[in-house]
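Here are my notes on this one, written so you can follow along with the structure open beside you. Take the points in order and find each residue as you go.

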Amino acid sequence: MRVLISGGGTGGHVNPAIAIANYLCDKNKNIQIAFAGTEKGIENKLVPKAGYKIYYLKVRGFNRKKKISFANIDAAVKAFTSRVAAKKIIKNYNPDVVVGTGGYVSWPVLSVAAKLKIPTVILEENAFPGVTTKALAKTADKVMISFEESRKYFKDGMSDKYIYTGTPVKSEFFNVNHKDEKKELSPGRPMIISVGGSGGAEKINEVLIDFMDKYSKNKNITHYHVTGPRGFKEYGNLFRSKGLGVYSNLYLNEYIYDIHKYYAAADIIICRSGAATLNELAVVKKTAILIPSPNVAENHQYKNAEVLEKHNAAVIIEEKDLTAESLIKKVEELTSDPFKLPNMGRNISRFASYDTLDKIYEIIMGLKK
């Protein structure tokens, strides 16, 4: 059986795709996997590192705020040419099933596959489905959702075409030893890890370096900050200009491939609120300060985070309110009560999906003609 997986742009689309690929291959040795993505997205690094072949397309999303612009003209041209490229990839690879995990690249691949009568299945990771998912859902054979709340946004959302699976997480997150990772990464000290996102986040990176300067460097804590590849050199210069490079408890990283170890060791995680990240947090049972990206379709990251905050499973700082001072205040609130962190960890663990990959495997295998 041959499966083509398309998803890209951010780790939130790519890591679940790799988790699915790994599980399919572990479960069934007769399954072959290939990916379709873009050279500019994080999939260009993560997919080859995971050991899978990747085909590339040139595609970009439309800026709905600026209807007439060079970028949108270019996006319109690529919308056509990417379908031509997708058709060549599909004809060459000849998949039995095509899986989409999100990002602009999913649209040409899955829309062409559906037109060629190849079974397709899409994963919607967020509480509020994006435009691409809504468009592809019309022709997809199955739509896998990560929040039951998502059903109401589809006209036929209550049909058996829509299946609640949760968001897939790599098996490494389930197998971490919290004590061992803490001993290795932050022996004898509390630990914070903050992540700007695989695509980079200017405001988060600037504020977190300021937070390290005003708070972390003088505390008995270990703090790892991940900038993302975009702008790492610039933020490294900022980090050093503040004299932070001499502190043995502060670390600045471009990207961390074994992030599951750092999540397991951390006491507080500061990050975005994409659905994939939230399920990772739920699996490792960790308290998070969520900073939803304001630059995503339909503000879906805030809606994801809001679900957790309502259940006292995380706290939110909107990016417009993010400063070193607001972050210090939130961290001190969380650490002032010894019961607060473990209670929130237990609360978020209730959102973890432990049988997600089993469900996805059965769905994909059920689509093979």
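1. Let's begin with N304, and keep in mind that this is a predicted model. Leaving out residues up to four places away in sequence, N304 touches N126, A127, F147, S273, G274, A275 and L278. You'll find N304 in helix α11, which covers residues 300-310.

2. Is N304 buried or exposed? It's buried, because its relative accessible area is 0% and anything under 20% counts as buried.

3. Now go to the sheet. It's an open one with six strands, paired in parallel, and the order is β10-β9-β8-β11-β12-β13. Which strands stand at the edges? They are β10 (250-253) and β13 (315-316); each has a single partner strand, so one side of each is left without a neighbour in the sheet. If you're wondering what holds such strands together, strands of a sheet pair through backbone hydrogen bonds.

4. Zoom in on one of those pairs. Strand β9 (residues 222-226) runs parallel to β10, and four bridges join the two. To see one of these pairings, look for Y224, whose bridge partner in β10 is Y251.

5. What packs on the sheet? Helix α7 (residues 202-214) does, touching β8, β9, β10 and β11 (268-271). The direction of α7 makes about 165 degrees with that of β9.

6. Helix α7 has a helix partner as well. Its axis and that of α12 (residues 324-335) come within 9 Å and cross at roughly 65 degrees, and the crossing is right-handed. On the α7 side the contact is made by V207, L208, D210, F211 and K214, while α12 brings A324, E325, L327, I328 and V331. Sorted by class, that contact has seven nonpolar residues, three charged ones and no polar ones.

7. Last stop: S194, in strand β8 (residues 191-195). Its relative accessible area is 0%, so S194 is buried. Not counting residues up to four places away in sequence, S194 touches L208, H223, Y224, H225, V226 and I270. You've already met L208 in the contact between α7 and α12, and Y224 as the bridge partner of Y251.

8. Two of those neighbours of S194 deserve a closer look. With H223, the S194 side chain makes a polar contact, side chain to side chain, at 2.9 Å. With I270, compare sequence and space: the two residues are 76 apart in sequence, yet their C-alpha atoms are 4.4 Å apart.

Notes:
Residues are numbered from 1 along each chain as its sequence is written. This is a predicted model: local features need pLDDT of at least 70, side-chain atom pairs count only at pLDDT 80 or more; totals for chains, interfaces and linings use all residues. Side-chain values use heavy atoms; hydrogens and water are left out. Buried means under 20% relative accessible area, exposed over 50%, partly exposed in between (1.4 Å probe, protein chains only). Contact means heavy atoms within 4.5 Å. A polar contact is a pair of N or O atoms within 3.5 Å; within protein, one must be able to donate a hydrogen and the other to accept it, and residues adjacent in sequence count only if both atoms are side-chain atoms. Two strands pair if DSSP finds at least two bridges between them. Axes are lines fitted to C-alpha atoms, for helices over the stretch in contact, and angles run from 0 to 180 degrees between N-to-C directions. A crossing is left-handed if the near helix is turned anticlockwise from the far one by less than a right angle, and right-handed if clockwise. Ala, Val, Leu, Ile, Met, Phe, Trp, Tyr, Cys and Pro count as nonpolar, Asp, Glu, Lys and Arg as charged, and the others, Gly among them, as polar.
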